[in-house]
Amino acid sequence: MTTKNPNFSENMLSVEEARENILNMMFVLNTEYLPISDCLGHVLSEDISSIIHVPPWNNSAMDGFAVIANDTKSASENTPVKLNVIDSVYAGDMPSSKVSPNTAIRIMTGAPVPDGANAVVPFEQTNEIQQKANKQHLDTIDILKPVKENDYIRFRGEDIKSGDNIFKKGTILRPSEIGVLATLGFKDIPVIRKPKIAIISTGNELTDLGETIQLGKIYDANTYSIASSVEKYGGTPIIIGIAKDNEESLNDLLDKALDYDILVTSAGVSKGDYDIVKNILSQRGNIEFWSVNMKPAKPIAFGWINKSKNEKLPLLGLPGNPVSAMVAFEQFVRPSILKLKGYTKLDKPSVNAILKNTITNEDGRRMYIRVLVKKEGVDYYAEATGNQGSHVLTSMAKANGLAVCPENVLEIKSGQKIEVQMIDWHVDDL
């Protein structure tokens with residue numbers, strides 16, 4: 001790895017500086033009560049305590065026979081202990097009989113343990129299967145192996161006791177947490193609501209999907225890659241539309257975006273773009289146009305649009321090139337959405353991978369190289385997905401990670417290790 005003295009342009013912010021400025025304007029959203037089936041990925045806005053025991057009673061961990069353990073102490077396959085079967089109890093029922101010495105009650109998994117019993121003998125440790133095969137009536141049962149007191153019993157409150165604080169405010173709800181909440185009987189859950197993200201693309205050259213494309217025009221890809229990224233990270237995308245390069249069109253779409261939590265725009269933020277985009281945004285709020293020391297996605301806009309006298313709509317202006325827009329989204333919009341949702345860990349998961357291609361950093365910016373990461377043995381390997389031009393969106397589609405070449409590194413050679421931010425963790429190769 002070849003390094004150089006990091007003497008960068010004073011006009012460019014570091015990625016960390018830009019992200020900090022953006023996140024300082026993001027605040028956790030308000031609480032809403034959602035049906036439990038809609039809570040996956042949400043963050044609890046209140047502590048959750050139990051008002052019941054789980055399990056609510058002592059119950060059987062196996063299909064078998066509820067017994068007094070001492071009655072089975074001499075049992076073996078050669079000298080089985082014979083017990084009288086006096087009743088049966090099934091899951092969902094309450095026992096109607098009591099176990100006394102030398103008796104047993106047939107019991108199913110989850111059924112309450114009858115009074116008098118202090119252990120359960122699984123069917124596999126009896127002659128139950130043989131008797132059923134011979135169509136014998138189960139008046140008695142042979143115990144073929146002893147059990148100890150409390151064997152195969154799940155005790156009342158063993159998992160959760162009434163009054164226990166189960167989940168703290170700030171807990172991210174995964175399927176396991178949702179399962180616990182359902183076990184406790186919660187139907188509606190207090191959570192931080194999803195942020196609603198307004199999306200506007202800008203440019204006279206853009207054509208919406210489904211329309212006939214004319215010479216000199218391109219289809220609007222950014223709206224849909226941004227919208228799906230918003231959804232991926234737990235926000236609700238609101239597609240406002242395509243703003244033409246005139247004041248009336250842009251103002252009309254900005255008016256439609258004011259009811260939402262963040263406005264994300266694409267294009268109109270670089271030096272060569274129409275000044276009208278910058279002028280209108282600045283007139284309606286306070287917008288800063290930055291050069292961020294990264295590649296791709298150097299030009300970024302950030303600030304706010306005035307909603308009312310006291311309310312502001314945060315705005316993140318992404319570059320127009322499709323890869324630049326997606327890389328900038330990952331670095332700046334993604335953590336903003338997570339912070340609004342109440343998440344506290346905002347960094348992307350990463351791995352150290354062995355490069356299969358040499359990376360050359362010619363202009364001293366932090367580079368994000370689209371790579372495909374695969375695990376081979378105990379190591380991860382990263383291979384660039386082809387042409388790294390910021391217009392080559394297929395290279396993003398082939399990637400599952402962004403390899404990070406630091407600003408002060410001139411070259412990372414094939415065979416050396418590099419940090420890779422993982423875009424996706426569900427890829428089969430991992």
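1. I359 has its bridge partner in strand 28, and that partner is I412. Strand 28 covers residues 409-412 and is joined to strand 24 by two bridges. The two strands run antiparallel. This is a predicted model, so these pairings should be read as features of a prediction.

2. The sheet around this pair is open and has three strands. Their order is 1-28-24, and the pairing is antiparallel. Strand 1 (2-3) and strand 24 (359-360) are the edge strands, each pairing on one side only. In general, strands of a sheet pair through backbone hydrogen bonds, either parallel or antiparallel.

3. Helix 7 deserves a look along its axis. The helix spans residues 322-340, 19 residues in total. From first C-alpha to last, helix 7 reaches 25 Å, close to the 27 Å expected at 1.5 Å a residue. Yet helix 7 also has a kink of about 45 degrees, centred on F329. Just after the helix, G342 takes a positive phi of about 100 degrees.

4. Is helix 7 mostly covered or mostly open? Mostly covered: of its 19 residues, 18 are buried. Helix 7 also gives the largest nonpolar core its largest share, eleven residues.

5. That core has 43 residues. Those with the most contacts inside it are V292, M294, L318, F329 and F332. F329, at the centre of the helix 7 kink, is thus also on the list of core residues with the most contacts. In soluble globular proteins, nonpolar side chains tend to be buried together.

6. F332 shows what the packing looks like at one core position. Leaving out residues up to four places away in sequence, F332 touches V15, A18, R19, I22, V292, M294, I300 and L316. V292 and M294 are themselves on the list of residues with the most contacts inside the core. Apart from this core lies another, of 21 residues, among them I240, L258, V269 and L281.

7. S60 is a polar residue to check by eye. S60 is found in strand 5 (residues 59-60). Its relative accessible area is 0%, so S60 counts as buried. A polar atom of the S60 side chain lies 2.5 Å from the backbone oxygen of M62.

8. Which residues does S60 touch, not counting those up to four places away in sequence? They are I107, M108, T109, G110, A111, V113, V120, Y152 and R154.

Methods:
Residues are numbered from 1 along each chain as its sequence is written. This is a predicted model: local features need pLDDT of at least 70, side-chain atom pairs count only at pLDDT 80 or more; totals for chains, interfaces and linings use all residues. Side-chain values use heavy atoms; hydrogens and water are left out. Helices (H or I, at least four residues) and strands (E, at least two) are DSSP runs, numbered from the N terminus. The expected span of a helix is 1.5 Å times one less than its number of residues. The bend at a residue is the angle between axes fitted to the seven residues ending there and the seven starting there. Buried means under 20% relative accessible area, exposed over 50%, partly exposed in between (1.4 Å probe, protein chains only). Two strands pair if DSSP finds at least two bridges between them. A polar contact is a pair of N or O atoms within 3.5 Å; within protein, one must be able to donate a hydrogen and the other to accept it, and residues adjacent in sequence count only if both atoms are side-chain atoms. Contact means heavy atoms within 4.5 Å. A nonpolar core is a set of buried Ala, Val, Leu, Ile, Met, Phe, Trp, Tyr and Cys residues joined through side-chain atoms within 4.5 Å.
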